[in-house]
Amino acid sequence: MRINVKKLNLLVGGLFLAAALSNCSKDKAEPIDTTYPEINTDSPTAFPKQCGVLKRGEKFSFKALLSDNKELGSVSVDIHHNFDHHTHSTELQECDMAPVKQAVKPFLLIKNIAIPAGLKSYELNTEIDVPADIDPGDYHFMIRLTDKEGWQTIKGLSIKIN
Amino acid sequence: MKKFYRLFLCFLICSVPIFICSPAVFGQSHQTVQDTTLKPQKKAPKQLKEVIIKDRRQQLRKEEEALNIEIVNSGFIQRNLGGSLMKSLERLPGIKTIGIGSGQSKPLIRGLGFNRVLVVDQGLKHEGQQWGADHGLEIDQFALGEVELIKGAASFRYGSDAIAGVIDLKPQSIPAKNSLGGSVNVLGKSNNKLYGSSVNLNGRQENWFFDARLTYQNYGDYRVPIDTIFVYDYAVKLQDRQLRNTAGRETAIHYTTGYIGQRFKSLVYLSNVYSKSGFFANAHGLEPRNVDEEMHDASSRDIQMPSQEVNHFKLINRTEYRVNAHQFFLDLGYQRNFRQEFSQYVNHGFMPPVYPDTMSIAPNLEREFDKQVYSFNLRDKLLFGKHEFTTGLSAEYQQNTINGWTFLVPSFKQVSAGIFAYDKYRINDDFLLHGALRYDFSHLHMFKYTDWFASKRTANAPAAFEKLVRSEDLSRTFHSLVWSAGLNYNLEQFSLKANVGKSFRMPIAKELGANGVNYHYFSFEKGDPRLDAEHSYQADLSLGWTADKWSVLLSPFYNYFPNYIYLNPTSRHDDYYGAGNQVFQYAQSKVLRYGGELQLKLKLLKTLTTSFSGEYLYARQLSGDKKGYTLPFSPPASALFNLSWSPVLNEHFQKTYFSIDYRLTSSQHNIVPPEKKTPGYGLIDLQIGTELWFQKQPVLVSLQAQNLMNTRYLNHTSFYRLIGLPESGRNLIISIKLPFNIPFHKS
């Protein structure tokens, strides 16, 4: 019986150690944020929208409602051609596409747009120039939005530039 | 949810004493004393089958190793054969995989993977492109004799990278004297219509032996229980629920020859493992893509772009020499890992819209990595008194070059060397102490890389175009001193293991030098050339009790990293270097991890056994930008229930088994950007097998049904988790092994 007690002691001791190591005590950490920010282009004033049309040689106002449960990070817009019909559209609605063609001088715009710090919601409204001498056709309008924690939401719109 | 996990673990820990203590008190009368020493067993068993000896050897190995180890043999692999080696091993507690497609996966030990798990093949570190989540392990699972998995930090023995654990792949045993034989394996799988075969021929006279193997596997697109998947909300319709372009081929050749003497043993091992496989065409990397569905769906076996081709060549010499109390081991090796990833050119960011025909790089070659490694290991094992003293020296030289039209990691060369001493001290038959010390040195030189296209700087007007220097020439030197201390205590049915140690890992070129857009993740990955070598402190404990009819094993661990290297998704976008993508910046943070595994085995009847294994893991970053978050790819808690029936039928059906697994995986809500929460699921697998004996010829037949209920589930650690792609549907596997002996007369 002596050995048995010894073994038992070892075992119980070991288990206590394991319990101590595993830190079963109450959770001190505050809950982490796991919510993605949102890009809303549904409102009537939002522009462009899926299958929307831009005009060469004109300015347009890029408008969208950005929101997050805690704090917005930054937003970036990327307009690139889709003459080859590769796709970055995230919308369910499909748009009429022009036939596949070779790019000559496609429009390319990559631009960060600052969001003031500390905001949960932001009405994005920024002017973008579309040069007059670019190839018309199918384009992608990608919006990448992060929140402060680093969650990113991507919205890819199919648009046309005429 | 976190609370649930904690409660779950607390429950497990609290319930164990009840399991253990009660029989410990009442079970005295039928206690059998087990011999735990190396001495030959006194009560000689009536029949000594080979398997029994092997099991005993594994048992001894476990009892004399302070780290947590799992050992499985080729029989286990045959019985649980998955699409790749790691998938076959995933049944073991604490082992998970990061998988892509049906034929590629990489190991995850207690939630850590990539360069934190070291794979040893034929005594030498297997060097591929371990950092890539979409890269598999270039290993032929048919060629293995035994796999030993070390869960826990083992840097003191293996050097850098063994920070989470080691997967030690051992070849098949050397053939018996004056024998000639081999085996033929054939394999078929229903889900991806795989067929394959592996043929082995080996033989030995007195001292000289050879072992040759040829393996071929060919599989089609795999099937998932879903018709339409949504890649970032972009709907992709699947034809016949087949994942477009995930077919693959694999060939492997191995040849070993050598001399086996009384005191001298030397063998040469030559192997070449080649694989070609497609990536899911609608989401190369993780971006939604329009593809020519007609072209892809014409055949489920063709491999179109995007695809990867990997060739791994090895030439290894292993020599062992015994003199007096010394045993010397010398390993020399050369390996070359050549990886190419093919994809149609699609301009991203500032790349020109049309691929220039003046480029020397083929327009379909997206990436190429060519790695050549020369290794040298020398060890001396010395037995004196109660000590087993091992000293060793290892050195490695690496040369890495890149090619392709995208950039992620610069070319580099690296030289590293380490020395270690390890003492195993046997205090008495029950008690062993372990102590080890190791010093490592490593020097890395990265080469400058300049973009082939110009980027537009918008910050200053007028806008200027320039070719960006992605990576500068950089030299870094690292030193590291690590230690380990452990003990084993085996008293009759009780066994205890404890180990504490410090491990390390040198930063890899990608962590130091990445400066490019990862077009598959919409991220701009930025290395930090000032990163320190990563350190880890780990405590491991293992408590076991083995009775006649049942056994229990609890293995908790506790791990702390003062400077875990982590790719941190920031809130910033970079419109110059990053082409508008989110900045993912390598950083170091304090990380705390703990968890463990619990295994229970119970013999219900002579032929009926049941087992339970559960695993739990918790990780948290204690500092830095992601303070409070977990680490990426943290596996959720899971439990595996098994019921096995091994009836003794007749002489024609031997070693028959019917086995059912139920795996229950909890949801994972403990995530970090850019992950997604994953719901829990339950899966049923079946395994049936037997040895058919005709005359004196056995045929080993194993059948499996994986995901029997065709359950639609997401695996949190799968590469395709981010695009919501469910795992493989039902898969029926048949594997037949025909061992043979050719009568051999000594000339």
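Okay, a definition to begin with: a residue is called buried when its relative accessible area is under 20%. Keep that cut-off in your head, since I'll lean on it a few times. And please remember that what you see above is a predicted model.

So, let's start with an arginine. B:Arg721 sits in the loop between β35 (697–706) and β36 (731–741) of chain B. Is B:Arg721 buried, or is it exposed? It's buried, and yet it has no salt bridge. The nearest side chain of opposite charge belongs to B:Glu675, and that one is 8.4 Å away. A salt bridge needs the side-chain nitrogen within 4 Å of a carboxyl oxygen, so 8.4 Å doesn't make it.

What does its side chain have around it, then? A polar atom of the B:Arg721 side chain lies 2.6 Å from the backbone oxygen of B:Lys677. Leaving out residues up to four places away in sequence, B:Arg721 touches B:Lys676, B:Lys677 and B:Thr678, and also B:Leu714, B:Asn715 and B:His716.

Now for charged residues that do find a partner. Side chains of opposite charge can pair when their charged atoms come close. Over all chains, the count comes to 38 salt bridges. Let me show you a few.

In one of them, B:Lys424 pairs with B:Glu64, and the closest N and O atoms are 3.5 Å apart. B:Lys424 lies in strand β20 (residues 412–426) of chain B, while B:Glu64 is in the loop between α2 (50–63) and β1, so this pair ties together parts that are 360 residues apart in sequence. Why do we call B:Lys424 buried? Because its relative accessibility is 12%, which is under the 20% cut-off. B:Glu64 counts as buried too, because it comes out at 8%.

Next, B:Glu65 has a salt bridge to B:Arg157, with the closest N and O atoms 3.3 Å apart. This is another link between distant parts of the chain: B:Glu65 is in the loop between α2 and β1, B:Arg157 is in helix α5 (residues 155–158), and the two are 92 residues apart. Both B:Glu65 and B:Arg157 are buried. They also belong to a network of salt bridges, together with B:Arg61, B:Glu148 and B:Lys170.

One more pair: B:Asp440 and B:Arg438 form a salt bridge with the closest N and O atoms 2.5 Å apart. B:Asp440 counts as buried because its relative accessibility is 6%, and B:Arg438 counts as buried because its value is 3%.

That brings us to the strands. In chain B, β21 (residues 431–446) and β24 (residues 474–491) pair in the antiparallel sense over 16 bridges. If you want to find that pairing in the viewer, look for B:Tyr439, which stands opposite B:Leu481 in β24(B). β24(B) also runs antiparallel to β25 (residues 494–505), with eight bridges joining them. There, B:Ala485 stands opposite B:Val500. How many residues lie between the strands in the hairpin of β24(B) and β25(B)? Two, and B:Glu492 in that hairpin takes a positive phi near 50°.

Chain B also has an open sheet of five strands, in the order β1-β7-β8-β5-β6, with mixed pairing. Its edge strands are β1 (68–73) and β6 (124–125), each pairing on one side only. Inside that sheet order, β5 (residues 117–121) and β8 (residues 165–171) pair in the parallel sense over five bridges. B:Asp121 has B:Leu169 in β8(B) as its bridge partner.

One last residue in chain B: B:Thr256, in strand β14 (residues 248–260). It counts as buried because its relative accessibility is 11%. Beyond its neighbours within four places in sequence, B:Thr256 is in contact with several residues, including B:Phe209, B:Asp211 and B:Tyr269.

Quick word on chain A. It has one helix and eight strands, and from the N terminus the helix comes before the strands. Of its 162 residues, 48% count as buried. Among contacts between residues at least 6 apart in sequence, 76% join residues at least 24 apart.

Finally, how far can we trust chain B? Its mean pLDDT is 88, and 91% of its residues reach 70 or more. But over residues 1–54 of chain B, pLDDT stays under 50. Where pLDDT is low, the predicted coordinates should not be read in detail.

Methods
Residues are numbered from 1 along each chain as its sequence is written. Chains are lettered from A and ligands numbered from 1 in the order in which they are written. This is a predicted model: local features need pLDDT of at least 70, side-chain atom pairs count only at pLDDT 80 or more; totals for chains, interfaces and linings use all residues. Side-chain values use heavy atoms; hydrogens and water are left out. Helices (H or I, at least four residues) and strands (E, at least two) are DSSP runs, numbered from the N terminus. Buried means under 20% relative accessible area, exposed over 50%, partly exposed in between (1.4 Å probe, protein chains only). Lys and Arg count as positive and Asp and Glu as negative; His and the chain ends are not counted. A polar contact is a pair of N or O atoms within 3.5 Å; within protein, one must be able to donate a hydrogen and the other to accept it, and residues adjacent in sequence count only if both atoms are side-chain atoms. Contact means heavy atoms within 4.5 Å. Two strands pair if DSSP finds at least two bridges between them. pLDDT is the predictor's confidence in each residue, from 0 to 100.
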